[in-house]
Amino acid sequence: MNAPVPVPDATRLAGATAAEIAAAVASGTVTARAVIEATLARIAALDPAINAFTDLTAERARAQADGIDAARAAGKPLGPLAGVPFAVKNLFDIAGLPTRAGSKINRERAPSPQDAFLVEKLEAAGAILVGGLNMGEYAYDFTGENVHDGASRNPHDLTRMSGGSSGGSGAAVAAAMVPLALGSDTNGSIRVPSSLCGTFGLKPTYGRLGRGGSFPFVTALDHLGPLARSIADLALSYDAMQGEDTRDPGQTSRPFEPVSGVIGEGIGGLRIAIAGGWFRAKAHPEAFAAVDAVAAALGAQDTVDIPDAARARASAYIITAAEGASLHARRLAVRAEDFDPAVRDRLLAGLAIPASWVDAAQRFRRHFRGEMLKLFETHDVLLAPATPCRAPKLGQKTFVLDGEEMLVRPNLGLFTQPISFIGLPVVAVPVRVDVGDTPELPVAVQVIAPPWREDMALRVAAELERQGVAAAPAAAF
């Protein structure tokens, strides 16, 4: 048996995947404590520039690491993520800390008495929480720019957006400060940061992973999921987080359906198509080039039109604005000046939406879901852009899409909203293409599967990773 090797600095483990770290800790070639010390040192060195973290749980992490090392020394079995550092968007409850949800108001709350359900599940698998991550206020954001905590910056170019609202999650993983982070996705808030920062991201089927102990935005649309630098890490974390969450009444009862053992099976037998129509308009050339590169690698030639995608996006907007405004109505009444003005104004507008509009949007949601399920009778997986462009500059207000000047903040999610609107599982796959003005920056493709078929989306993503078409590229650090 190999003796544990001390890690004197943060560089030894930079870029290691969760699977690699867990294997090293399990074999005794490195201690969990050494992993955590290296992680904390790297965060201290890099985060002042990136601004991904809002809270560190250093002493808690050290204590957990020491417990894992003691368990290994005693010959006890370790979990599949033993010793793996992870961090969570600060809308997840962390025991002993107030749950910020990216806001000024929430940080005045009492500390959380209990961790979020998914934090508990990852720790049960041996993963070690190292902190909370920056995010857009109350998750109503696609840019990663927070007026209270400052913008989380893109590790590939510090002058650019990390994406939102899980911007700190995308930035922390892309900069290799942690191999794994959790985010939330209501309209695209995992997939947009994955695209701009160049990480893999998984938005599971709506109702699949428990949301207990997370601050809500739009209960009808909220999903939680992981971001990582490898598909194997997405699969490991997804498997670890499955289970019944008694704190989430919206969770669907499903048996344990592990995916780690099937992601390497390839794409044989899968019918893959390119999403056309709405998904082939209003984007920069690199977004379409990424989809074309992925389609070529997979041998996908069919194109299918997703009917009424524009109406789906509009309906998602109505539900988001109305439900988000209802959630925050009391805070808006007494603390309006403490909101990010951009968030406040959108929420105030949501208060004016007629109930009949919301009812119509929900009725259309059922119709649109039925139409999408018909497409999956002839195809197993659909490909679409994740964002209409690479990462915009921090502070950039508009961009031009298909000859039309449009606002950046709401329109970074124009391709993600129609998919999360009906809760389909999606893997965001980062791709590099030599198209456009900034070919050094990544952009992602959505791999979309039918409900509960995360395994198929992950199999396709793993095949792209195997071919080298998809990879989480090294950041500038």
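This dialogue goes through some features of a predicted model.

Colleague: Let us begin with a helix. How many residues of H7 are buried?

Modeller: A residue counts as buried when its relative accessible area is under 20%. In helix H7, which spans residues 231-241, that applies to 9 of the 11 residues, and the helix is mostly covered. Among the buried ones are Ile231, Leu234, Tyr238 and Met241, and Asp233 and Asp239 are buried as well.

Colleague: What lies at the start of H7, and what follows the helix?

Modeller: At the start, look for a side chain that reaches a backbone nitrogen. Here a side-chain oxygen of Ser230 comes to within 3.1 Å of the backbone nitrogen of Asp233. After the helix comes Gly243, with a positive phi near 140 degrees.

Colleague: Which residues other than glycine have a positive phi?

Modeller: Ala176 is one of them, with phi at about 60 degrees. Trp452 is another, and its phi is near 70 degrees.

Colleague: Where in the chain are Ala176 and Trp452?

Modeller: Ala176 sits in the loop between H5 and strand S6 (180-185). Trp452 belongs to the loop between strand S15 (443-448) and helix H14 (454-467).

Colleague: Is Ala176 buried or exposed?

Modeller: Compare its accessibility with the cut-off. Ala176 has 15% relative accessibility, so the residue counts as buried.

Colleague: Now the peptide bonds. Which bond is cis, and what is its omega?

Modeller: Read the omega angle of the bond. From Gly164 to Ser165 omega is near 5 degrees, and that peptide bond is cis. Ser165 itself is in the loop that runs between strand S5 (157-161) and helix H5 (167-174).

Colleague: On to pockets. How much space lies in the largest pocket, and which residues are closest to its centre?

Modeller: Start with the volume, then look at the lining. The largest pocket holds about 280 Å³ of space. Its lining has 14 residues, and Thr143, Glu145, Ala342, Lys397 and Arg409 are the closest to the centre.

Colleague: Which helices supply at least two residues each to that lining?

Modeller: They are helix H10 (341-351) and helix H12 (408-411). H12 gives the most, with 3 residues.

Colleague: What classes of residue make up the lining of the largest pocket?

Modeller: Sort the residues by class and count each group. The lining of the largest pocket has 6 nonpolar, 3 polar and 5 charged residues.

Colleague: What is the volume of the second largest pocket, and which residues line it?

Modeller: The second largest pocket has a volume of about 230 Å³. It is lined by 14 residues, and those nearest the centre are Arg160, His284, Glu286, Asp437 and Thr438. By class, this lining has 5 nonpolar, 4 polar and 5 charged residues.

Colleague: Last, the cysteines. How many disulfides are found in the whole structure?

Modeller: The search finds 0 disulfides. To count as one, two cysteine sulfur atoms must be within 2.5 Å.

Colleague: Why is Cys197 not bonded to Cys389?

Modeller: Check the distance between the sulfurs. The closest cysteine sulfur to that of Cys197 is in Cys389, 13 Å away, and therefore too far for a bond. Cys389 is likewise in no disulfide.

Colleague: Are Cys197 and Cys389 buried or exposed?

Modeller: Use the cut-off for burial once more. Cys197 has 0% relative accessibility and counts as buried. Cys389, at 3% relative accessibility, counts as buried too.

Technical notes:
Residues are numbered from 1 along each chain as its sequence is written. This is a predicted model: local features need pLDDT of at least 70, side-chain atom pairs count only at pLDDT 80 or more; totals for chains, interfaces and linings use all residues. Side-chain values use heavy atoms; hydrogens and water are left out. Buried means under 20% relative accessible area, exposed over 50%, partly exposed in between (1.4 Å probe, protein chains only). Helices (H or I, at least four residues) and strands (E, at least two) are DSSP runs, numbered from the N terminus. A polar contact is a pair of N or O atoms within 3.5 Å; within protein, one must be able to donate a hydrogen and the other to accept it, and residues adjacent in sequence count only if both atoms are side-chain atoms. On a 1 Å grid over the protein atoms alone, a cavity is a set of points where a 1.4 Å probe fits but cannot get out, and a pocket is an open set with protein on both sides within 12 Å along at least five of seven lines; lining residues have an atom within 4 Å of a point. Grid points are joined across faces, edges and corners, and a volume is the space filled by probe spheres set on the points. Ala, Val, Leu, Ile, Met, Phe, Trp, Tyr, Cys and Pro count as nonpolar, Asp, Glu, Lys and Arg as charged, and the others, Gly among them, as polar.
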